[in-house]
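The paragraphs below go through a single protein chain and the way its parts pack. Please keep the sequence and the coordinates at hand while reading.

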Amino acid sequence: MTIREFEIRFKKLYLPLGMYALRIVDNADDAEDLVEDAFLRAWESIESGIEIESFDAFMYRIVRNNCITFIRKQKCTVGIEQIPEVDEESVDTSYRDAAIWKAIDRLPEKCREIFLMSKRDGMTNEEIADELGISIKTVKNQMTKAFSRLREELSDGHKPFFLPFL
């Protein structure tokens, strides 16, 4: 694998792997560190001449193992046995989550801020309006705009779409 091929795979897998790790360790900074370490290990393996048959599967396996090691180091062994094996569903879920967050990142700034305050932070329309010094009607309009844009961007044109927030 060339450096360019590795860069392409990095760009494709970084966010989905981050979403996968986040579901396991429940901390974005730790998940990011674990994924970065996984890519470093993968590159070292490639450099040492190891043939990798399925790069995606290899990366998910490294990230899963990194997460297990991380949890063990936290001396929190409760739940390690409940970390599922890497399967098609967990990979699909990580890609779906990555697509959702990419779409959210593409929302207009104010719209994104209001959307995240509502969905991520669990704030009511009234709380958001008070916090930002805007009307409740503006909050509702921005939420409608956010859902409309997300639905448009994430649906494939014929299936109903919903946002599975953590």
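In this predicted model, helix 5 (residues 109-119) and helix 7 (residues 136-154) pack with their axes 9 Å apart, at an angle of about 95 degrees. Angles of 65 to 115 degrees count as roughly perpendicular, and helix 5 and helix 7 are therefore roughly perpendicular to each other. On the side of helix 5 the contact is made by Lys110, Cys111, Ile114, Phe115, Ser118 and Lys119. Helix 7 contributes Val139, Gln142, Met143, Lys145, Ala146, Phe147 and Leu150. By class, the residues of this contact are 8 nonpolar, 2 polar and 3 charged.

Which residues of helix 5 are buried? They are Cys111, Ile114, Phe115, Leu116, Met117 and Ser118. Among them, Cys111, Ile114, Phe115 and Ser118 also take part in the contact with helix 7. The cover over the buried residues of helix 5 includes helix 7, together with helix 4 (88-105) and helix 6 (125-132). An α-helix has 3.6 residues a turn, so residues three or four places apart point the same way.

The chain as a whole can be described next. It holds 7 helices and 0 strands, and along the sequence the pattern reads α-α-α-α-α-α-α. The chain has 166 residues, of which 34% count as buried. Its exposed surface is about 10500 Å², with 50% supplied by carbon and sulfur atoms. Taking contacts between residues at least 6 apart in sequence, 61% join residues at least 24 apart.

The N-terminal part of the chain offers two further helix pairs. Helix 1 (residues 3-25) packs against helix 2 at an angle of about 145 degrees, and the axes are 8 Å apart. This crossing is right-handed. From helix 1, the contact uses Ile3, Phe6, Arg9, Phe10, Leu13, Tyr14, Leu17, Gly18, Ala21, Leu22 and Val25. The partners in helix 2 include Ala28, Leu34, Val35, Phe39, Trp43 and Ile46. Of the residues in this contact, 17 are nonpolar, 1 is polar and 4 are charged.

Asp26 lies in the loop between helix 1 and helix 2. Its phi is near 60 degrees, a positive value in a residue other than glycine. Is Asp26 buried or exposed? With a relative accessible area of 67%, Asp26 is exposed, since the cut-off for that class is over 50%.

Helix 2 (residues 28-47) also meets helix 3 (residues 55-73): their axes come within 9 Å and cross at roughly 130 degrees. Helix 2 and helix 3 are therefore oblique to each other, and the crossing is right-handed. Helix 2 enters this contact with residues including Asp30, Leu34, Val35, Asp37, Ala38, Phe39 and Arg41. Helix 3 supplies Phe55, Phe58, Met59, Ile62, Val63, Asn66, Cys67 and Phe70. The residues of this contact divide into 13 nonpolar, 2 polar and 3 charged.

One residue of that contact can be followed individually. Asn66 is found in helix 3. Asn66 has a relative accessible area of 6% and is buried, because the cut-off for that class is under 20%. Which residues touch Asn66, leaving aside its neighbours within four places in sequence? The residues in contact with Asn66 are Leu34, Asp37, Ala38 and Arg41. These four residues are also listed on the helix 2 side of the contact with helix 3.

How values were computed: Residues numbered from 1 in each chain as written. Predicted model: local features only at pLDDT ≥ 70, side-chain atom pairs only at ≥ 80, totals over all residues. Heavy atoms only, no water. Axes fitted to C-alpha atoms, helices over the stretch in contact; angles between N-to-C directions. Helix = DSSP H or I, 4+ residues; strand = E, 2+ residues; numbered from the N terminus. Parallel < 35°, antiparallel > 145°, perpendicular 65-115°, else oblique. Left-handed = near helix turned anticlockwise from the far one by under 90°. Contact = heavy atoms within 4.5 Å. Nonpolar A, V, L, I, M, F, W, Y, C, P; charged D, E, K, R; others polar. Buried < 20%, exposed > 50% of the residue type's maximum accessible area, 1.4 Å probe, protein only. Areas by Shrake-Rupley, 256 points an atom, 1.4 Å probe, with all protein chains shown as cover.
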